[in-house]
Amino acid sequence: MAVVLTLPLPAASHGGGGAETSTAAGSASVLVEITSPLAWATTSPQRQIETCGLAYFQYQLKRQAIEDGEDGSGGLDHKRPRAGLEGEREEEAGDDDMGDETTFRFTKKTLTPKDVKSMDYYEMLGLGHLSAAQVGPELLKKAYRKALLLYHPDKTGRGDRDEVFIEVQKAYETLSDERKKRAYDSEMNFDDSIPTGREKGDFYKVFGPVFDRNARFAVKRPVPGLGDKDTSFDDVYRFYDYWGRFESWRDFSLKAAEENDFHSEEAGSREEKRWMQKENDKLARSMKKEEYKRLATLVDRAKAADPRLKAAKEMEKQKKEQAKLNRAAMQRQKEEARRKEDEEEAKKKEVEEAKMKVVRAQAKALRDKDKRRMRFARSRFRALCEILRIRAGLAGGKEGGKEGVVSSEEEAFMFECVDVAGMEEAVEALEGVPYVYNADESAPPPQAPTEALVEGVKQVKLIVARKRKAQQGGDDAGTKGSEAQAQAAAATATAAAAAAAAKKEVPWTEDELGVLAKAVVRFPAGTQKRWQCIAEYINHMLKLDHLRSKEECIKQYQVVQSTVGKAKVMNAVAGGGTGGGGTKAAGTTPSAVGTAVVVPGKMVGEEGGAGEGWSQEQQKQLEAGLVRFPASMEKNERWKCIAEGVEGKSKKECAERFKALKALMAKKKEVAGAAKA
């Protein structure tokens, strides 16, 4: 079935494809035969189209496409597949949708160059009511087509140099390029100003819109809001943490090109284009840094003015003060508990001491009682022995003889080895009556013995023999052990004597002291196995028969450090010691060289006026100050700080001391160099 449409034309037109043309007087028309599988009416439908207006313009575009073979609508190009035709019909339906005023809102049907200057690219394309993020590539294409229908030179009749049409094309070229669109969006209708932080009024109304305005450039989304006074502290901290590490996609390449007035499309060569691009990128990076500084300033000012952070700081301060008070209270409780424990412990000690005092007093009383009892028994025993000796002397030695008296040896043995019970037994045997001891000191002393029984002497001799036998038995039991102990003691004494002989100290010579001083400087404090290295160095340099150990080196170093030998050691370093072949330089004496002694980690004293009145403690304080306050500080401030750490010394005295030591060290180095030469 074929349908024929008669379309009047203003002038003669060229037919093509499956179209036939006919010309009538004063008019022209084109007959378009449309093949269709549907059963059309026998009478061919006809439609009159006016030769002006939007519909006519669309018709001309469609007709031109039909003639060029680019559009298969209407079935003119039978070679194109049906699927393509259906897709084109859908596209045409989409083109019809472009007329929806809810999507595209053109403020004016006709624009002038003056109007264009006050509009942005989105408004030119009818997208001013949408945000930049809502405008995608497909929507941009449709908007551009819609704008062409309105502002094309064929429609406006202004020619190809129409400024409005050029700006529309420029808008589409900019927004269709992702990088150019980002750069344009970065500067489009954006206010870079930030609050000063001294504004009066509601904090949230002052800073909230500023953060919302800058959130458009956020890379990470969603962007947390500033909130209000009821926002939790966690959300507040999360908000400032996000903005403290804010990442912005804002691009300053377009702004940099405008400021530099370097447009790469206007470059005369590739070298000039690369140079322009390089300069623009450099300025854009600088602007990006300034942008981050601006955002950091915004965050800092917001933090300083945020009443929620002030309240949080006040709460934190109160918590710290409360914690401090709690710690002080706990400390007082601990001290109180410790004081109570100490008091209880002191009371316990007093009670124990009182008990021990009583026990000691009782023990002392018992000892005193035993002593008095022993003295009483001994005095009576001595008197009885004297009576027996007198009687034996009157008898001429015949009556009783030696058997009738207690010998002096036996008497001494009784006094030394026999206890109170044995002594009282002997007295009772000699007196022949029961022994009675009166412990009452207020009672009158008993009468001295006047008679002694000879029969009691045998009992005394039995007591002495029994005691000696007991002692002899104990001595026999420990004889073997005593002999073994004696042999071990003898062996130990022999070994000790040998060790003492081996460890006999060998005096240090001047050469050894000189090499020791050099080794101390050569191996400073902190060297691994320092004193072992020093001992090996001395033994290697001097080839000694008696090798020095590290213990000997340490001991001698301590002796030298604490005595006058320090000056001799450093004099040896300057040329006094041979050090394995060195000789003393002529005229280099301790007085000429000076005795500023430097040991690892210390600088000890000197001879001369600069060292007078300086103690070793003051010297250490000076050295500590020189290390703590480096020379990079301001001179007066440095010496003022050093002098504050040195007791009894002013800033001037510390500086003079340092200069004197420095001069002496330089002089010592010169002498040492001369000696070495």
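Helices in this talk are DSSP runs of H or I with at least four residues, numbered from the N terminus. By that convention, glutamate 428 lies in helix α15. The model on the screen is predicted.

Let me stay with glutamate 428 for a moment. Its relative accessibility is 37%, which counts as partly exposed. From glutamate 428 to leucine 453 there are 25 residues in sequence, and the C-alpha atoms of the two are 9.9 Å apart in space.

Now the interior. Which residues have the most contacts inside the largest nonpolar core? They are Phe381, Leu388, Val406, Met414 and Leu430, in a core of 26 residues. Two or more residues each come from α13 (307–394), α14 (408–417), α15 (420–431) and α16 (455–477). Helix α13 supplies nine residues, the largest share of this core.

Next, the salt bridges. The count comes to 25, taking a side-chain nitrogen of Lys or Arg within 4 Å of a carboxyl oxygen of Asp or Glu. I will go through a few of them.

Helix α13 appears again here. Arginine 389 pairs with glutamate 386, and their closest N and O atoms are 2.9 Å apart. The two residues are three apart in α13, so about one helical turn separates them. Arginine 389 is partly exposed at 29% relative accessibility, and glutamate 386 is partly exposed at 38%.

Another bridge joins the side chains of glutamate 353 and arginine 360, with 3.1 Å from N to O. Glutamate 353 has a relative accessible area of 45% and is partly exposed. Arginine 360 is also in the partly exposed class, at 41%.

The next pair is arginine 548 and glutamate 512, whose side chains meet in a salt bridge of 3.0 Å, N to O. This one links distant parts of the chain: arginine 548 sits in the loop between α19 (530–542) and α20 (550–562), glutamate 512 sits in helix α18 (residues 510–522), and the two positions lie 36 residues apart in numbering. Are these side chains buried or exposed? Arginine 548 has a relative accessible area of 4%, so it is buried, the cut-off being under 20%. Glutamate 512 is buried as well, at 5%.

There is also a network: Asp192, Arg250, Glu291 and Arg294 are linked by salt bridges.

Moving to the surface, I have three patches. What charge does the patch of Glu258, Asp261, Glu265 and Glu266 carry? The charge is negative. Glutamate 265 is in the loop between α11 (253–260) and α12 (270–305), and it is exposed at 64% relative accessible area. Aspartate 261 is in the loop between α11 and α12 too, and its relative accessible area of 55% makes it exposed.

Aspartate 261 has a second feature, in its backbone. Its phi is positive, about 60°, although the residue is not a glycine.

The positive patch is formed by Lys278, Lys282, Arg285 and Lys289. Lysine 278 belongs to helix α12. It is exposed, with 60% relative accessible area, since the class begins over 50%.

The third patch is nonpolar: Phe233, Tyr237 and Met315 make up about 280 Å² of surface. Tyrosine 237 is in helix α10 (residues 233–244), and at 44% relative accessibility it is partly exposed.

Back to the backbone for one more item. Where is the cis peptide bond that I want to show? It joins arginine 221 and proline 222, with omega about 5°. Proline 222 is placed in the loop between α9 (203–214) and α10. As background to these two backbone items, most residues other than glycine have a negative phi, and most peptide bonds are trans.

Last, a position further along the chain. Glutamine 621 is part of helix α23 (residues 616–628). With a relative accessible area of 15%, glutamine 621 is buried. Its C-alpha atom is 6.3 Å from that of glycine 645, and the two residues are 24 apart along the chain.

To recap the charged pairs: arginine 548 and glutamate 512 bridge distant parts of the chain, while arginine 389 and glutamate 386 bridge within helix α13. That is the end of my part.

Key:
Residues are numbered from 1 along each chain as its sequence is written. This is a predicted model: local features need pLDDT of at least 70, side-chain atom pairs count only at pLDDT 80 or more; totals for chains, interfaces and linings use all residues. Side-chain values use heavy atoms; hydrogens and water are left out. Patches are made of residues with over 30% relative accessible area and no salt bridge: like charges are joined within 9 Å, nonpolar side chains (Val, Leu, Ile, Met, Phe, Trp, Tyr) within 5 Å. Accessible areas come from the Shrake-Rupley method with a 1.4 Å probe; for residues, only the protein chains shown count as cover. Lys and Arg count as positive and Asp and Glu as negative; His and the chain ends are not counted. The place of a charge is taken as NZ of Lys, CZ of Arg, CG of Asp or CD of Glu. Buried means under 20% relative accessible area, exposed over 50%, partly exposed in between (1.4 Å probe, protein chains only). A nonpolar core is a set of buried Ala, Val, Leu, Ile, Met, Phe, Trp, Tyr and Cys residues joined through side-chain atoms within 4.5 Å.
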